[in-house]
Each structure stands twice: as C-alpha cells, then as structure tokens.
Amino acid sequence: MRKLRWTTQFIALALANIGFLQILKLGVCGPFFYCYGCPAAAFACPIGVLQHYAALEQFPFYALGTLGLFGLTLGRFWCGWACPFGMVQDLVLWIRRRQDFVKLPRAGWTKFLVLGVVLFLAWLATDTLFCKVCPAGSLFAAIPQWFVSPELPFGLFFYIHLLTLAISLVAFFLIGRFWCRYLCPLGAIFGAFNPLSILKVKVDFSKCNGCRQCLEVCPVNIEELEDVENSTDCTRCGKCIEACQAKALRVSASFRE
C-alpha cells in the first residue's frame, strides 16, 4: 500500500503540472492543495477560487459543487493519496525515519478556523491574502517562477513565502503532517465530508485485539479506534491497515457501510 500511495502521489503531481502547454491549463478546481501560480499548473487552487468569490462577494456555486463531489466520493483520501503538499510532508517523514514526534493535543477545529479566517480576510480586503503567505505557493509557485522568470521583480512577499515554507518544513520535521492536522483549509472542507464519503476505513471490532498498533503509526494522531471511520483528520493513508496484524481494518467503498 505504501508503494501504491507514493505512485498515486507522483501521478497527481504530474497531472497538476500538465499545464506547461497553454491549451492544457484547464482552470478547474483540483482535488488537492496546489498553487495555480505554478508556471505549469493545470488546475485552479480550490482555496484560491473560494477567496476570489469571497472578495467579489459572490456565492461559489461552481467551486462548492466541485469540492462537494470530490468530498462525497473520497473525503480526505485526496489528502493522503493525491495532494502534492501532502507528499512533501510524507517525504520529510521518510527522510526523518524516526517516529518520536513532538506530541501535540488533537485540535481538529483549528483547520476550520483557518478556513473561516482565510475567507473572511479575502472578503474584508477584497484580495486573496492567504495566497501571499501560503507555503504551498512558496514551493510550487514562487520558487519555480524565480527560476523560470528571473527578470521579474521579486519583492517582500517572495521572502515572506520563503519564510512560511521554512517554518512549515521545520514543523513537518518535528511534528509530522502538521499542515494537514492543524492548518489546511482544504483539509477542513474534505474532512467535513469524511463521515459522508463513500470511501472509508472500517474497523472490525470482532477481530481487533486491542493492541493499538494502528493508532501508534497514525500520522495525524487519531487516538481512539472509534474515531477512525469519521474523523475529520483521517487522510485514508492506510498506514493503520498495514500495521494491523489482526487484519481488523479495511478500506470500504460503499453507500451502505
């Protein structure tokens, strides 16, 4: 499952960058956190689109409909299997190797607060303010643009981007999937769909022996087995399934279960 997940993440990264030809710049909302400012970006950033609507004081029917479709089908599966910024966090964890992360309390509400603040500031300032500090924008847009178009002026916000990216990478190293757990506004949207999504991680308590190995390897620090199925934090990464010797966890794709 780990190799399959790396494969899908690299495929998603490649698809996110098929816009190197103008005709392939589709402009539709992608199901992952990726900056539309990247020179080769093919998709629009969902959070960027929502900010634009907030700044224009218009209701985002198209954007919410698209995100709702993504969320109802797979929930936060997109975060664990397709998101390029999630892949960056996984790469940091792979480099780090060890599991002795700084333990922080679960606070799933913080990403919903971030989403609300981002949209409120866009409405208040009539500008996409979050895009000017977004660490994903730093990595996927600001830095590539600096190489592609060095003749362009790069002012204060370029260095703010670099700072937010550096802080984020340190947080990923110390805490692991810090962005997904506490700050990601798109994760908040897809997380809200986790209880409703077709794809879920199911626990068969008749097989479970209570060893809690699945929870020990959880990158988003889910603490109780009862929370796995509907938690807004679960990215469906499958690490719990791999760790379970009793085969008590499985992926379920069903309307009924």
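A salt bridge is a side-chain nitrogen of Lys or Arg within 4 Å of a carboxyl oxygen of Asp or Glu. The structure shown is a predicted model, in which local features need pLDDT of at least 70 and side-chain atom pairs count only at pLDDT 80 or more, while totals for chains, interfaces and linings use all residues. Residues are numbered from 1 along each chain as its sequence is written, and side-chain values use heavy atoms, leaving out hydrogens and water.

One salt bridge joins Asp-90 to Arg-177, whose closest N and O atoms are 2.9 Å apart. This pair links distant parts of the chain, with Asp-90 in helix α5 and Arg-177 in the loop between α8 (156–175) and α9 (178–183), 87 residues apart; helices here are DSSP runs of H or I with at least four residues, numbered from the N terminus. Asp-90 counts as buried at 5% relative accessibility, and Arg-177 is buried as well, at 2%, where buried means under 20% relative accessible area with a 1.4 Å probe, protein chains only. Through shared partners, salt bridges join Arg-5, Asp-90 and Arg-177 into one network.

Helix α5 (residues 84–96) also meets helix α7 (residues 135–148), their axes coming within 10 Å and crossing at roughly 95°, which makes α5 roughly perpendicular to α7, a term covering angles of 65 to 115 degrees. The axes are lines fitted to C-alpha atoms over the stretch in contact, and angles run from 0 to 180 degrees between N-to-C directions. In this contact (heavy atoms within 4.5 Å), Pro-84, Phe-85 and Val-88 of α5 meet Pro-135, Ala-136, Leu-139 and Phe-140 of α7.

Methods. Helices (H or I, at least four residues) and strands (E, at least two) are DSSP runs, numbered from the N terminus. Angles under 35 degrees count as roughly parallel, over 145 as roughly antiparallel, 65 to 115 as roughly perpendicular and the rest as oblique. Buried means under 20% relative accessible area, exposed over 50%, partly exposed in between (1.4 Å probe, protein chains only).
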